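The following exercises concern one protein model with a bound ligand. Each task is followed by a solution in steps.

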Amino acid sequence: MRLLLTTNPGLEDVAAWEAGARLGARLVEERRLHGRIIVDVGDDALELVDELRCIHRARILLSKASICGERRCLEELRGVVASSGVDEYVTPWTSFAVRAERSGQHEYTSMDVARVAGDAVIEAVRARYGRRPPVNLDHPAVIVAVDVIGDTAYVAIELSGDMSWHRRGYRVYEHPASLKPSIAAGMLYLTRIRDGESIMDPMCGGGTIPIEAGYLFEESPLVCMDINPRYIEGARMNAAAALLDRRIRFIHGDARRLKDYVGSIDYMVSNPPYGIRLGSPRLVRSLYREFIASASEVLEKRMTIITTEHRLVREEAEKHGLRIIHERTVAHGNLWARIMILEA
Ligand SMILES: C[S@@+](CC[C@H](N)C(=O)[O-])C[C@H]1O[C@@H](n2cnc3c(N)ncnc32)[C@H](O)[C@@H]1O
């Protein structure tokens, strides 16, 4: 079976690796920064697909075709959807809805895509069964996902319902600058952590990184620290919802003085505040400078951070003998951030 998996743009290779390791998936296509990969899996893999931590959605891919951006090309899209085999999944007895996404330069909108694709599904079902299927936009039995990304159209059947899996169920407390769990999991995978060794997020906010670490590494001691006691309370609530609160040590403390709280830590994985959120460049510079100096005193192996302050991190890492062994660009909300891995 061919699946289309969506992930955070910039983490396609990590999602492909995870799908290979957990589902035995074979990679068919990976387009960097597109947030989509195509894999082939055995039928039994469907039961395991919601265990993938790096993906947002999983879909059964019915068709992938080239499509141009002019308005007349919507007719081609109609043909692609109608001949995709969608009538195997949508019948006169199953309600359906089309969810459309579009990115790139086109003369049509995602609403146009949804309308044309919806008509095409109805035509295909009517041609096969002699009756049209019921449309239910709020609670459909089957969701047909039609994405036009640049010059490519994807027609697929949604497996994850309307809720993206990156909104993991444990988020009972929402930190104002929370990280997507899929990015947290991607950062943890990239750090090449050995299960059993200690992991700390010294600026953990609502606890996303330590919680994802708890899912991925069953034996590792986990530490979640933040300077704001309200966030530590929120992180504790999220960890309790994830059934991981007993495994995580919570510290109300300052990442600029790590030696005061921990002896040594094997891996740090963190999402420090970005400059544009802190406001003043002076505050950013002093926070990063003091944090990296303090981390270099307790770090045993590797530290992975996501940041927009990559120049500053490079300068400070060099000063403290931390080697940058990996760097990549990822989408983070409406920003392009970098994941950087520093080795002690
Ligand atoms: C971008 S947020 C982290 C969000 C987190 N990854 C999540 O998913 O909820 C950055 C956090 O750094 C914390 N912080 C800022 N300065 C700090 C310091 N000196 N020591 C510890 N935490 C600090 C802030 O309170 C904030 O919660």
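A polar contact is a pair of N or O atoms within 3.5 Å; within protein, one must be able to donate a hydrogen and the other to accept it, and residues adjacent in sequence count only if both atoms are side-chain atoms. The model is predicted: local features need pLDDT of at least 70 and side-chain atom pairs count only at pLDDT 80 or more, while totals for chains, interfaces and linings use all residues. Residues are numbered from 1 along each chain as its sequence is written, and side-chain values use heavy atoms, with hydrogens and water left out.

**Exercise 1. The ligand site**

Identify the residues that come nearest to the ligand, and state how much of the ligand's accessible area the protein covers.

Step 1. A residue is near a molecule if one of its heavy atoms lies within 4 Å of it. Of the 20 residues around the ligand, the nearest are Leu-179, Gly-206, Thr-208, Asp-226 and Ala-255.

Step 2. Consider the backbone atoms. A polar backbone atom of Gly-206 is 2.8 Å from an oxygen atom of the ligand. For Leu-179, a backbone N or O atom lies 2.8 Å from an oxygen atom of the ligand. In the case of Ala-255, a backbone N or O atom lies 2.8 Å from a nitrogen atom of the ligand.

Step 3. On its own the ligand has 600 Å² of accessible area, of which the protein covers 92%. Accessible areas come from the Shrake-Rupley method with a 1.4 Å probe; for residues, only the protein chains shown count as cover.

**Exercise 2. Helix H9**

Determine which residues of helix H9 are buried and how they are arranged about its axis.

Step 1. Helices (H or I, at least four residues) and strands (E, at least two) are DSSP runs, numbered from the N terminus. Buried means under 20% relative accessible area, exposed over 50%, and partly exposed in between (1.4 Å probe, protein chains only).

Step 2. H9 spans residues 310-319, and its buried residues are His-310, Leu-312, Val-313, Glu-316 and Ala-317. Viewed down the axis of H9, the buried residues fall within an arc of 155° and therefore line one face of the helix. The arc is that of the directions from the helix axis to the C-beta atoms. An α-helix has 3.6 residues a turn, so residues three or four places apart point the same way.

Step 3. Arg-311, Glu-318 and Lys-319 are exposed, on the face of H9 turned away from its buried side. The cover over the buried residues includes helix H8 (281-298) and strands E12 (299-307), E13 (323-332) and E14 (335-343). Just after H9, Gly-321 takes a positive phi of about 70°.

**Exercise 3. Positive phi outside glycine**

Locate Leu-33 and Arg-192, and decide whether each is buried, partly exposed or exposed.

Step 1. Most residues other than glycine have a negative phi. Leu-33 has a positive phi of about 70° although it is not a glycine; Arg-192 likewise is not a glycine, yet has a positive phi of about 55°.

Step 2. Leu-33 lies in the loop between strand E2 (26-31) and E3, and counts as partly exposed at 36% relative accessibility. Arg-192 lies in the loop between helix H4 (181-190) and strand E8 (199-201), and is exposed with a relative accessible area of 53%.

**Exercise 4. Buried residues and their contacts**

Describe the surroundings of Arg-36 and Val-90.

Step 1. Contact means heavy atoms within 4.5 Å. Arg-36 lies in strand E3 (residues 36-40) and counts as buried because its relative accessibility is 7%. A polar contact of 2.6 Å joins its side chain to that of Asp-147. Leaving aside neighbours within four places in sequence, the contacts of Arg-36 include Leu-4, Glu-12, Glu-101 and Tyr-154.

Step 2. Val-90 is in the loop between helix H2 (74-82) and strand E5 (96-103); its relative accessible area of 0% makes Val-90 buried. With neighbours within four places in sequence again left aside, the contacts of Val-90 include Phe-96, Val-121, Tyr-129 and Pro-133.

**Exercise 5. Domains**

State where the two domains lie and how many residues of each are in contact with the other.

Step 1. Domain bounds come from an automatic or database domain assignment. Domain 1 covers 2-158 and domain 2 covers 181-343.

Step 2. The C-alpha centres of domain 1 and domain 2 lie 35 Å apart, and 14 residues of domain 1 are in contact with 16 residues of domain 2.
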